[in-house]
Amino acid sequence: MLNFNVKQACFLLFILTGLFSTSFAQNNTGIILKGIIRNTNNEVVVGATLFLKKASDGQVIKQTLSDNEGGFSFTSSTTGTYLVSVSYLGALAYQSDLLKLAENMDLGVIRLETTARSLKEVVIQSSGNKPLIKIEGRKMIYNIEKSITEQGTNALEALKKTPGLIVNQDNTVTLNGSSGALVMINGRQTYLQAEELAQLLKSMSASDLKSIEVIKNPSAEYDATGTGGIVNLVLQKSIAEGFNGSINNGIAYGITMKQNTNMNLNFRKGKVNMFGSYNHNFGHFAMDYDNDRTTNGKVYLNSNHDIDKKHSIGSTLGADYAIDTTKTLGIVINANFSGGGGLIIPVTNIYDQATGDLLQMLRSQSSYPDQKAHRYNTNLNYRYKGSNNTSLDIDADYGIFDASTKNLSTNTFYLPDGTFQSANNFLVANSRDIKLYAVKADYGFPIWSGKMLVGTKFSNVNANNVFNQYDMNGSDNVIDINLSNTFKYKEQISAGYLKYEAPITDNLSMDVGVRLENTHSQGDLQPRKGSSQLPTSVVRNYLDVFPTAAITYKTTQSGTYNLSFSRRVDRPAYNNLNPFSYPVDELSYWKGNPFLQPQYANTLALQYSYKRTTIATSYTHTSDISSSITEVMEGNIINMVPRNIGFQNNLNLTVTQQLTMAKWWNMSLTGIGYRLENKVGTVEYGNYSRSRFIGAINIQQSFNLPGHINAEVTGVVNSKRISGLNTYIKGNSQIDLGLQKNLMNDKATLRLAASDILRTNRYNTDTQLNNLLLLTTYVGETRQLRINFTYRFGNSKIKTKDSRESGLENESQRL
């Protein structure tokens, strides 16, 4: 009943507020600010982009284009102090002095100083002075399109080099030491949990990315999911008129050869814009990892050689139609495919801890004859931007995720002299089918001295996971009904929010908001007929309130200060709620926990920005923090189970500095230091505390060399860190080099890059828990040599019309 009432309240709140705002807007004519744009030759400038900004924080509140006579006008609903900025390709940017609006104002003629390039015909060029790292309010923007070493890689690899981000061995994302970062694509959630999200990102080319946005403390219009914050991948989108595109081909070599292709096409004419892309990554990837453990007087030394033979393909098709200057309709269709085989060869030797004698040997092989992960998603969107600072965004998404894996596992035990002892062979067939839909609407309107944002959202996810295990020790494959099951999971989230932002003085502004999210979920474990297992069903229905607030102080002399607060949540991934045990090999299993609870985080952050320097500090308290626990079962078999283990405190300091060392040498440096403290309180493991100071440095340098060659050197260093209940991860690092040269009158680009040249990007952990000592080592195929050639074709002339992104915001990768 609560779930139904919350949905009604959210939609009713949205409708009533929209009706009120429409009435208010119609009765408020506002103050008019106008002028004319001309160049230094006294010619009118048609199509110049103008922004009306708040003087207090530089926030853009309105945008327009100069008309055929060079004229423009803004209508403001309130008095206050504002700025007008003008941009036009082929001219230097212009920004006005402070404008105190109390009545209608005519700025007269604004003259733009032209550059040597003709204003009549402008060709798109990459901006050489565009910073690699940019800070906008609470958002850090990593302009990946400027990075030479990222070309030819995939989106997952790009995430690993984003300042402040760590992609762990299990593909979960940590932001400034806080786990549970939400990864989005063009502001839309993927509905995928870590493993499936990683496959999706591997099927996306880094060349398709314009930037990666990192938001540590999002405001109320964003979904509350993601205790670590939000990471948004922004895709490239052409703004050129007519037909244009690019194709990028490359090869990479680490242990084996790999090939990647990326193609983008765009057609824009009049009110219609159509676009599409295709990319693939073909090749095998090798991994070596060890899982050594000591427990109950025995030592298990395990080594694994893993060859991943999956290929990935990604594609996008979309269109926009401008109904008029204020309304746009759009559709985007995405399809991503991953498939292929794989082979893991584990070797385990079992020793007596006291004597060191070899007791037993386990020789295994896990072959994956069939692995697939297909994702289809369709987005319909409507955009309205009115002249009175009103806006309406509506998005609807429908998606399908279809995945399956077959694993043929052979396990043979031998005595120390090599004598055969026993064998067990089995086949695991696992399939996952996810269907989802979501709809959201956001409406903004001026009221009093500021702007109100109101929105509502509803999402529905249905996941069906089928697990079958077959005994292959005889002549026929026989299903094991006690080790097979079906797990169905349904989740509905209804949300509504209010946010108000307004200036307090010329230099001081604030925004406050509140978001309500009601979650209704049901997980059903259905055993096979005749099984000794019992059906299990867990139903949850809970309402959460997520307040957000921020205050910004800005002066032209001392920079900008921003103090913000937010409350956020991480709901359990549905697979973590499945109580069934999955075999990893004969000696280790993974099992879900149907009683796993959401974890909640409260974050207070202070940020200071001045020119090319940003200093940020934050404190995050996370309650009911969850982690995978490795437990020793009967017969020294280990079971990995997710549990709520206590709470975590994270005190963080981040410094970002852009430096110009010389005319030919630029540097971006990000240093992060944080103290992480885990307070554990469980019945099984008692009460204790684990804490550690952790540091990370990210340095990216670019050089303009003779012969019009650009070079890049990037380095990432992470210190030893703590994770989960009682795991320490050793420090690691990576150094990449890259060279780039434009050819064929800048229509082509040749890039050569080498990644992890010292092969120091290794993942080593140390876990001690009761009578278990667990040591792991992971080395992937991170050291590679890549060469890529890009060719751009078609029309490169543009109108001064800005691009936009579409789509739903902020869904999680839990499923």
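Visitor: How many bridges join strand β12 to β13?
Guide: In this predicted model, β12 covers residues 173–175 and runs antiparallel to β13. One facing pair sets Thr174 opposite Ser179 in β13. The number of bridges joining the two strands is two.

Visitor: Which strands stand at the edges of the open sheet that contains β12?
Guide: The sheet has three strands in the order β11-β12-β13, with antiparallel pairing. An edge strand has a single partner, so one side of it is left without a neighbour in the sheet. The strands in this position are β11 (165–167) and β13 (178–179).

Visitor: Is Glu150, the salt-bridge partner of Lys161, buried or exposed?
Guide: The closest N and O atoms of Lys161 and Glu150 are 3.8 Å apart. Lys161 lies in the loop between α2 (155–160) and β11, and Glu150 in the loop between β10 (139–142) and α2. Buried means under 20% relative accessible area. Because the relative accessible area of Glu150 is 1%, the residue is buried.

Visitor: How many residues apart in sequence are the parts tied together by Asp223 and Lys457?
Guide: These residues form a salt bridge whose closest N and O atoms are 3.0 Å apart. Asp223 lies in the loop between β15 (209–215) and β16 (230–235), whereas Lys457 is in strand β27 (residues 450–471), so the separation in sequence is 234 residues.

Visitor: Which residues are linked with Asp223 and Lys457 in a network of salt bridges?
Guide: Asp223 is buried at 6% relative accessibility, and Lys457 is buried at 4%. The network that includes this pair also links Arg515, Glu517 and Arg571.

Definitions and conventions:
Residues numbered from 1 in each chain as written. Predicted model: local features only at pLDDT ≥ 70, side-chain atom pairs only at ≥ 80, totals over all residues. Heavy atoms only, no water. Pairing = 2+ DSSP bridges. Helix = DSSP H or I, 4+ residues; strand = E, 2+ residues; numbered from the N terminus. Salt bridge = Lys/Arg side-chain N within 4 Å of Asp/Glu carboxyl O. Buried < 20%, exposed > 50% of the residue type's maximum accessible area, 1.4 Å probe, protein only.
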